[in-house]
Amino acid sequence: DKDWVWKSFLRGHNPIFMDPYDGIVLGEKFDDKYEPLRKALGHTRTYAEKMDLIRMVPEPKLSSTGYCLANPGKEYLIYNPGPDKTFTMTLEPGDYRCEWFDTTEGKVVSSGSVKAESKTQNFTAPTAPDAVLYLKQAL
């Protein structure tokens with residue numbers, strides 16, 4: 001499912017999915033149940049192209065969600081699979097632009113800025129807990 005895609009990507013893996021050639025998966029007729037997974041693959045690619053991916057490394061300890069790619073002090077991508085909408089992040093102090101992405105709807109739902117004055121920051125997703133937060137150092 002789409003959660004597998006986001007969790008894999010934020011752990012530093014290259015998620016890949018191969019649709020069945022003949023329309024049958026493990027003896028069952030293939031249907032559109034994989035469409036959310038396909039869309040999630042596209043969404044993660046969008047973020048991979050937006051970030052300085054070569055410098056991003058999995059940093060699960062920086063987020064209470066356990067899913068974080070980071071170039072500390074520069075860029076962070078965090079996945080919150082829930083069940084709670086609120087989570088904590090360890091950030092380098094500074095000013096960041098932020099963007100919330102709703103993985104269920106497949107769209108950016110809000111953006112703005114964050115001033116990190118201390119290492120620990122609390123964040124609350126503006127939508128369902130199944131959300132991605134992208135932080136980038138404001139220049």
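Glutamate 35 is partly exposed, with a relative accessible area of 32%; on this scale buried means under 20%, exposed over 50% and partly exposed in between, using a 1.4 Å probe and protein chains only. What we have here is a predicted model, where local features need pLDDT of at least 70, side-chain atom pairs count only at pLDDT 80 or more, and totals for chains, interfaces and linings use all residues. Residues are numbered from 1 along each chain as its sequence is written, and side-chain values use heavy atoms, with hydrogens and water left out.

**Overall layout**

- The protein chain has two helices and ten strands, taken as DSSP runs (H or I, at least four residues, for helices; E, at least two, for strands) and numbered from the N terminus.
- Reading from the N terminus, the elements go α-β-β-α-β-β-β-β-β-β-β-β.
- Of the 139 residues in the protein chain, 40% are buried.
- Among contacts in the protein chain with a separation of 6 or more, 59% involve residues 24 or more positions apart; a contact here is heavy atoms within 4.5 Å.

**Sheets and strands**

- Six strands make an open sheet in the order S3-S4-S5-S10-S7-S8, with antiparallel pairing; two strands pair if DSSP finds at least two bridges between them.
- At the edges of that sheet sit strand S3 (57-58) and strand S8 (107-116), each pairing on one side only.
- Strand S4 (residues 68-71) runs antiparallel to S5, with four bridges between them.
- Strand S6 (residues 86-90) pairs with strand S9 (residues 120-124), again antiparallel, over five bridges.
- In that pairing, phenylalanine 87 stands opposite phenylalanine 123 of S9.
- S6 has an alternating pattern: Phe87 and Met89 are buried and point to one face, whereas Thr86, Thr88 and Thr90 point to the other and are not buried.
- As background, side chains in a regular strand alternate between the two faces of the sheet.

**Glutamate 75, a buried charge**

- Glutamate 75 belongs to strand S5 (residues 75-80), and its bridge partner is asparagine 71.
- Which side chain of opposite charge is nearest to glutamate 75? That is lysine 136, 4.1 Å away, and glutamate 75 is buried yet has no salt bridge.
- For the bookkeeping, Lys and Arg count as positive, Asp and Glu as negative, and His and the chain ends are not counted.
- A salt bridge needs a side-chain nitrogen of Lys or Arg within 4 Å of a carboxyl oxygen of Asp or Glu.
- The side chain of glutamate 75 does make a polar contact with the side chain of tyrosine 134, at 2.4 Å.
- A polar contact is a pair of N or O atoms within 3.5 Å; within protein, one must be able to donate a hydrogen and the other to accept it, and residues adjacent in sequence count only if both atoms are side-chain atoms.
- A polar atom of the glutamate 75 side chain also lies 3.1 Å from the backbone nitrogen of aspartate 52.
- Beyond its neighbours within four places in sequence, glutamate 75 is in contact with residues including Lys50, Met56, Leu69, Leu135 and Lys136.

**Salt bridges**

- The count comes to eight salt bridges.
- Arginine 38 pairs with glutamate 35 in a salt bridge whose closest N and O atoms are 2.5 Å apart.
- These two are three residues apart in helix H2 (residues 35-50), so about one helical turn separates them.
- Arginine 38 is partly exposed, at 24% relative accessibility.
- Arginine 45 and glutamate 49 form another salt bridge, with closest N and O atoms 2.8 Å apart.
- Arginine 45 and glutamate 49 are four residues apart in helix H2, so again about one helical turn lies between them.
- Both ends are exposed: arginine 45 has a relative accessible area of 55%, and glutamate 49 is at 55% relative accessibility.
- Lysine 2 forms a salt bridge with aspartate 3, with the closest N and O atoms 3.6 Å apart.
- Lysine 2 is buried at 15% relative accessibility, while aspartate 3 is partly exposed at 23%.
- Salt bridges link Lys2, Asp3 and Asp130 in a network.

**Cysteines**

- How many disulfides turn up in a search of the whole structure? Zero, where a disulfide means a pair of cysteine sulfur atoms within 2.5 Å.
- Cysteine 68 is buried, with a relative accessible area of 1%.
- Cysteine 98 is buried too, with a relative accessible area of 12%.
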